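Subject: Structure handover

Hello,

Here is the structure I promised you. Please open it first, then read my notes below.

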Amino acid sequence: MKLKKVKHVFFDLDHTLWDFDKNSALAFEKIFQLHDLKINLDDFLGAYEPINLDYWKLYREERIKKPELRYGRLKDSFDSINHEISDTIINQLSEDYITHLTTFNHLFDNTMYILEYLKANYELHIITNGFEEAQQKKMNTSGISTYFKTVTNSEQAGVKKPNPYIFDFALKSANAKNDESVMIGDNLEADVQGALNIGMDAIFFNYRKEHLKEDIKQVNELIELKKYL
């Protein structure tokens, strides 16, 4: 079912185009080696990944600030695997993690193909809750920067998805109308519901293959976007 009227396609970045989990694992492997930490990476990541998602939800909801997110997700993960570590090392790891995370460039399968396919008929944009200093580096390193006319992050807008203002901010920056735009992202609350709430269409990138009760447009692979666009 092709979407009619659409002229602007807005993407989330992390977990949608940029393979956050794969790049994050490589960054942790790197910084654990740098600090000579004897930690089983799989055990750590098994604890970290759900904890990180919980912290990002708190961050979206304005219940914590960036420093609390960066420190807390690591502290809780080390506690979860019963690894004693000083606050000094945790704070250094949090800085090193951001530094090295942006040096890895793994994208989801067919990211470059679908961007090349879409750019012929649509203007492409990014709306991300990620940290401003990291997001552009991720896009540059992975070679996708040139596909996007605008990039809106939550620090520019002053609020985070699903707050309506960040979508309005992005639409204004892109000179786009809500009924001529579609949002594509992996988070039902932030990306899909946030867009629907302001009259944008939305497509859920369901790469985790979650079972949905709602009647929501969705794809499991990026290449499946061709059935909508």
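Is Tyr71 buried, partly exposed or exposed? Tyr71 has a relative accessible area of 25%, so it is partly exposed. Keep in mind throughout that this is a predicted model.

**Around Tyr71**

Tyr71 sits in helix H3, which covers residues 66-80. Setting aside neighbours up to four places away in sequence, Tyr71 contacts Asp87, Ile90 and Asn91. Leu37 is 34 residues from Tyr71 along the chain, and their C-alpha atoms are 17 Å apart.

Lys75 belongs to helix H3 too. Its relative accessibility is 26%, so Lys75 counts as partly exposed. From the C-alpha of Lys75 to that of Ser94 is 10.0 Å, with the two positions 19 residues apart along the chain.

**Overall build**

The protein has 9 helices and 6 strands. Its radius of gyration is 18 Å, and the globule rule gives 17 Å for 229 residues; the two are close, so the protein is as compact as a globular protein of that length. The C-alpha trace spans about 55 × 35 × 35 Å along the principal axes.

Of the 229 residues, 52% are buried. Take the contacts between residues at least 6 apart in sequence: 66% of them join residues at least 24 apart.

The accessible surface is about 11000 Å². Carbon and sulfur atoms account for 47% of that surface. As for charge, there are 29 positive and 37 negative side chains. The centres of these two sets lie 7 Å apart.

**The cores**

The largest nonpolar core holds 56 residues. Which of them touch the most other members? They are Phe11, Phe148 and Leu229. Helix H2, residues 41-60, gives this core its largest share, with 7 residues. Another core lies apart from this one and has 19 residues, including Ala174, Ile198, Ala202 and Phe204.

Phe11 deserves a look on screen. Leaving out residues up to four places away in sequence, Phe11 still touches Phe148. Leu115, Leu118, His125, Ile126 and Ile127 are also among its contacts. So are Met183, Ile184 and Leu225. Thr16 and Leu17 are on the list as well.

**The loop after strand E1**

Thr16 lies in the loop between E1 and H1. Its relative accessible area is 0%, so Thr16 is buried. Beyond its neighbours within four places in sequence, Thr16 is in contact with Phe11, Phe108, Ile184, Gly185, Asp186, Phe205 and Leu222. The C-alpha atoms of Thr16 and Asn121 are separated by 20 Å, and 105 residues separate them along the chain.

His15 occupies that loop too, between strand E1 (8-11) and helix H1 (20-34). At 11% relative accessibility, His15 is counted as buried.

**Backbone points to check**

Most residues other than glycine have a negative phi, and most peptide bonds are trans. Three places here are worth your attention on that score.

- His15 is not a glycine, yet has a positive phi of about 70°.
- Asn110 is not a glycine either, and has a positive phi of about 70°. Asn110 is in the loop between helix H4 (87-101) and helix H5 (111-119). With 34% relative accessibility, Asn110 counts as partly exposed.
- The peptide bond from Lys161 to Pro162 is cis, with omega near 15°. Pro162 is in the loop between H7 and H8.

**Val159**

Where does Val159 lie? Val159 is in the loop between helix H7 (154-157) and helix H8 (164-174). Is Val159 buried or exposed? Its relative accessibility is 17%, and the cut-off for buried is under 20%, so Val159 counts as buried. Leaving aside residues up to four places away in sequence, Val159 touches Glu62, Ser154, Tyr165 and Ile166. Asn129 is 30 residues from Val159 along the chain, and their C-alpha atoms are 8.5 Å apart.

Best wishes

Technical notes
Residues are numbered from 1 along each chain as its sequence is written. This is a predicted model: local features need pLDDT of at least 70, side-chain atom pairs count only at pLDDT 80 or more; totals for chains, interfaces and linings use all residues. Side-chain values use heavy atoms; hydrogens and water are left out. Helices (H or I, at least four residues) and strands (E, at least two) are DSSP runs, numbered from the N terminus. The radius of gyration is taken over C-alpha atoms; the globule rule is 2.2 Å times the number of residues to the power 0.38. Buried means under 20% relative accessible area, exposed over 50%, partly exposed in between (1.4 Å probe, protein chains only). Contact means heavy atoms within 4.5 Å. Accessible areas come from the Shrake-Rupley method with a 1.4 Å probe; for residues, only the protein chains shown count as cover. Lys and Arg count as positive and Asp and Glu as negative; His and the chain ends are not counted. The place of a charge is taken as NZ of Lys, CZ of Arg, CG of Asp or CD of Glu. A nonpolar core is a set of buried Ala, Val, Leu, Ile, Met, Phe, Trp, Tyr and Cys residues joined through side-chain atoms within 4.5 Å.
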